[in-house]
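This report introduces a protein structure to a reader who has not met it before. Please look over the sequence and the model before reading on.

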Amino acid sequence: MPSTLEKARKHITKKKGADASGALHQFSRDSKRLQTAQIRDERLEKLARSRKKRDKPLLERVAFFQEVSRENGGKALEMSTIQSKINEFVHQHDEEYEQQKKARRPGRPASAREDLLKVAIKELETEYEKGFYVPDLTDEVNIAELDRWEGSWAYLANLKWVKITKAGNVRTSSFPPKA
């Protein structure tokens with residue numbers, strides 16, 4: 001997909017000719033058009049990076065549960081198995097957190113990494129109490145869809161989603177997750 005800057009540059013080159021493309025006046029309309037196109041491209045790249053960073057945890061979660069479904073052979077899972085895997089996912093950072101804690105000298109404040117791990121663990125535990133957002137692993141059709149997932153955000157809308165609480169309550173949900 002060509003960027004706005006490339007499109008503007010191509011249009012100016014067509015208008016001026018191939019030999020005069022480098023001879024633009026600093027304050028000409030064409031140079032301002034190129035500057036505007038470049039600023040727009042930079043803004044769009046920045047938005048795409050922030051969206052990718054925001055979506056990464058959910059993509060990692062789906063990849064984890066895709067692997068769980070593949071380990072089970074593409075069959076529907078029991079609720080107790082799902083809850084044990086959710087518990088495993090929630091406590092995946094515990095070991096690293098303990099290592100960070102032990103590496104710290106007594107009387108020293110926690111490192112930035114240790115604080116981030118503590119916050120991540122707390123957020124996942126809180127979400128599990130209220131309802132953990134996962135693809136529906138009790139439905140074999142949904143598991144087959146999950147198995148075909150190749151890592152794209154757009155494909156996740158095809159899956160059925162549920163929220164499972166620590167108490168075992170299940171309620172359907174929609175994609176993308178609402179906060």
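The report takes up the sheet, then two residues of a helix, and then a pocket.

The model is predicted, so local features need pLDDT of at least 70 and side-chain atom pairs count only at pLDDT 80 or more, while totals for chains, interfaces and linings use all residues. Residues are numbered from 1 along each chain as its sequence is written, and side-chain values use heavy atoms, with hydrogens and water left out.

**The sheet**

Three strands in the order β1-β2-β3 form an open sheet with antiparallel pairing. Helices (H or I, at least four residues) and strands (E, at least two) are DSSP runs, numbered from the N terminus, and two strands pair if DSSP finds at least two bridges between them. The edge strands are β1 and β3, each of which pairs on one side only. On average, neighbouring strands of this sheet are turned by 35° against each other, direction ignored; axes are lines fitted to C-alpha atoms, for helices over the stretch in contact, and angles run from 0 to 180 degrees between N-to-C directions.

Four bridges join β1 (residues 132–135) to β2 in the antiparallel sense. Between β2 and β3 (residues 170–173) there are likewise four bridges, again antiparallel. The table lists residues that stand opposite one another.

| Residue | Partner |
|---|---|
| F132 | I164 in β2 |
| Y133 | K163 in β2 |
| V134 | V162 in β2 |
| W161 | S173 in β3 |

In a regular strand the side chains alternate between the two faces of the sheet. From β1, F132 and V134 point one way and Y133 and P135 the other, and all are buried. Strand β2 (residues 161–164) is covered on both faces, with W161 and K163 buried on one side and V162 and I164 buried on the other. Here buried means under 20% relative accessible area, exposed means over 50%, and partly exposed lies in between (1.4 Å probe, protein chains only).

Five residues lie between the strands in the hairpin of β2 and β3, where G168 takes a positive phi near 105°. Helix α5 lies across β1, β2 and β3 and runs at about 80° to β1.

**Two residues of helix α6**

Helix α6 (residues 140–148) contains N142, and A144 lies in α6 as well. N142 counts as buried because its relative accessibility is 3%. Leaving aside residues up to four places away in sequence, N142 touches P135, D136, L159 and K160; contact means heavy atoms within 4.5 Å. A144 has a relative accessibility of 35% and therefore counts as partly exposed. A144 and S84 are 60 residues apart in sequence, and their C-alpha atoms are 21 Å apart in space.

**The largest pocket**

A pocket is an open set of points on a 1 Å grid over the protein atoms alone, where a 1.4 Å probe fits, with protein on both sides within 12 Å along at least five of seven lines; lining residues have an atom within 4 Å of a point. The largest pocket holds about 580 Å³ of space. Its lining comprises 16 residues, of which P57, E60, H93, A120 and L124 lie nearest the centre. The elements that give two or more residues to this lining are α2 (29–71) and α5 (112–130). Which element gives the most to the lining? That element is α5, with seven residues.

Methods
Points joined across faces, edges and corners; volume = space filled by probe spheres on them.
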